[in-house]
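Hi,

Here is the structure I promised to pass on. Have a look at it first, and then read my notes below.

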Amino acid sequence: MLNYRAKNSRKHAFQKFFNGILGKMILTGLPLSFLSSLPCLVSAQQKPNVVLIYIDDLGYGDLSCYGATKIATPNVDLIAKRGLKFTNGHTTSATCTPSRYALMSGEYPWREKGRNILPGDAALILSTNKTSLPKVFKAAGYQTAIVGKWHLGLGDKVSKDWNGDISPGPNEIGFDYSFIFPATADRVPTVFMENHSVIGLEKGDSIEVDYGKKVGDEPTGKEHPELLKLPSSVGHNNTIVNGIGRIGYMKGGKKARWTDEELAPTFLTKAMQFIEKNQKKPFFLYYALNDIHVPRMPATMFKGKSEMGYRGDAILEMDWAVGEITKQLDELGLTKNTIIIFSSDNGPVLDDGYADEAIAKQNGHLPAGPLRGAKTSVYEGGTRVPFIVSWPEKIKPGQSDALVNQIDLLASFAGYFKVPIKNGEAGDSENQFAAFTGADRVGRKMMIEEGYNNLAVVKGNWKYIAPFGKNGDQLFDLKADIGEKNNVVAKFPEKVSELKSLLATETSKK
Ligand code: CA
């Protein structure tokens, strides 16, 4: 990586030098015909590159640019300084798979069953016939890639042969290149896949995966907790890989299994390779980091660095990886015309099934900041997430309170590129390009939020949550009460019935 840096810094310095000469010539009034005779010096303005940096389980209060004081995230803060920081930016849902489904498809996940948190052997839940976020970029002439976590299923059935090509997957929904792990780090199979196949697989050591019963004779976390370097707090006690119990059972593929400590550097390397290779073309990179999802087991150089346990260390690792990407873009001279979108798939969680001291070492840190709720919750802490968009060439830095949602990226870029979307596809995605780029400071008029098993509707300042558990109707004025502490149902009965019927209308749409 260092050699690569040095080489490109020199290239960049050369470019700067040459641009300087060019600037002087323009100032001194040399004829334009002279400029046009210089080959390849002035290329037509290229479409902006787009890097979508998608963090896992990062909360609204987990970044220093969003008010965290117990941890510093200077690299993410730099993106916020160069761009627009949204205070009311959302994912559709409070858990991984549904949010990622909406991001890719432009459809609310709850419109159909089966779009919940998927096991690691699930079949693909996205339609390969419909439009998708990467297909919009493909139609606009972009090179597209996903690097990182997928978690939207692979193949057309659950029982699949992990030892051959698996399709359909990310490549079939619009990514020219994919380097992923199939589901989450806490679920088997714990392998990398490049395009259609598992990498590092040896002949004669076939992988088998089962979520119902034990396969193979390797110890499980339940049978042998003494073998674990990271004990389980809840579940996560099936096959042990790298000293960590997982959800689900696997056997074989011993050399193909990753160690958790290499996840961040590996995904980063693959992301940077894609950028380097495609620096001359417009590219769309969906960089879906594993951090800060469980099991939190960062690279050795980050262990103990935050003094907040592995969760804090994973935040520092995430910030480091983000910084490497922005530095690379700087060195390649791509920063000005690259849109960076930084966000998270759902709100934060402390103990998520492993005894990693996230609670014991919290040290006063508030992962959701001032918000109520967390991952899985229908309160704001579940779906209101860090959301930053930078594009130095076009976006004026600052803060925006517009209501924006990841589900709208699809229709927004389709609108920007004038790529048509067929009727019946991406039906919940709105063209909010003006809000994402700061020209419009209002954004969405309304939006549905999805908790683990319940829905809410937001319209303007108001939020209505449908009854769940022992709760009846709930109504909050988010402007006066961002922490959703005061249920004002009794005070505003007309607002309750308005939003209740709005929610019913929206959810009955097909
Ligand atoms: Ca997540």
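Before the helices, one definition: an axis here is a line fitted to C-alpha atoms, for helices over the stretch in contact, and angles run from 0 to 180 degrees between N-to-C directions. Please also keep in mind that this is a predicted model.

Let's start with a helix pair. Two packed helices are described by the angle between their axes and the distance between the axes. For helix 6 (residues 263-277) and helix 7 (residues 309-331), the axes come within 10 Å and cross at roughly 15 degrees. Angles under 35 degrees count as roughly parallel, so helix 6 and helix 7 are roughly parallel to each other. Their crossing is right-handed.

Which residues of helix 6 and helix 7 meet? On the helix 6 side you'll find Ala264, Pro265, Leu268, Ala271, Met272, Ile275 and Glu276. Facing them from helix 7 are Glu317, Trp320, Ala321, Glu324, Ile325, Gln328 and Leu329. Sorted by type, the residues of this contact come to 10 nonpolar, one polar and three charged.

Now the sheet. It is an open one made of 10 strands, in the order 7-6-5-4-12-1-13-14-2-15, with mixed pairing. At the edges are strand 7 (197-198) and strand 15 (398-400), each of which pairs on one side only.

Strand 5 (residues 177-181) is a good place to see the mixed pairing up close. It runs parallel to strand 4, and five bridges join the two; here Val147 stands opposite Phe179 of strand 5. With strand 6 (residues 193-194), strand 5 pairs in the antiparallel sense over two bridges. In that pairing, Phe179 has Glu194 of strand 6 as its bridge partner, while Ile180 stands opposite Met193.

Two helices pack on the sheet as well. Helix 3 (residues 74-82) touches strand 1 (49-55), strand 2 (84-86), strand 13 (338-344) and strand 14 (387-390), and its direction makes about 60 degrees with that of strand 14. Helix 4 (residues 96-105) touches strand 1, strand 4 (143-149) and strand 12 (283-288); its direction makes about 165 degrees with that of strand 1.

Back to strand 5 for one last point: is it buried or exposed? Five of its five residues are buried, so strand 5 is largely enclosed by the rest of the structure. Both of its faces are covered, with Tyr177, Phe179 and Phe181 buried on one side and Ser178 and Ile180 buried on the other.

Over to you!

Terms used: Residues are numbered from 1 along each chain as its sequence is written. This is a predicted model: local features need pLDDT of at least 70, side-chain atom pairs count only at pLDDT 80 or more; totals for chains, interfaces and linings use all residues. Side-chain values use heavy atoms; hydrogens and water are left out. Helices (H or I, at least four residues) and strands (E, at least two) are DSSP runs, numbered from the N terminus. Angles under 35 degrees count as roughly parallel, over 145 as roughly antiparallel, 65 to 115 as roughly perpendicular and the rest as oblique. A crossing is left-handed if the near helix is turned anticlockwise from the far one by less than a right angle, and right-handed if clockwise. Contact means heavy atoms within 4.5 Å. Ala, Val, Leu, Ile, Met, Phe, Trp, Tyr, Cys and Pro count as nonpolar, Asp, Glu, Lys and Arg as charged, and the others, Gly among them, as polar. Two strands pair if DSSP finds at least two bridges between them. Buried means under 20% relative accessible area, exposed over 50%, partly exposed in between (1.4 Å probe, protein chains only).
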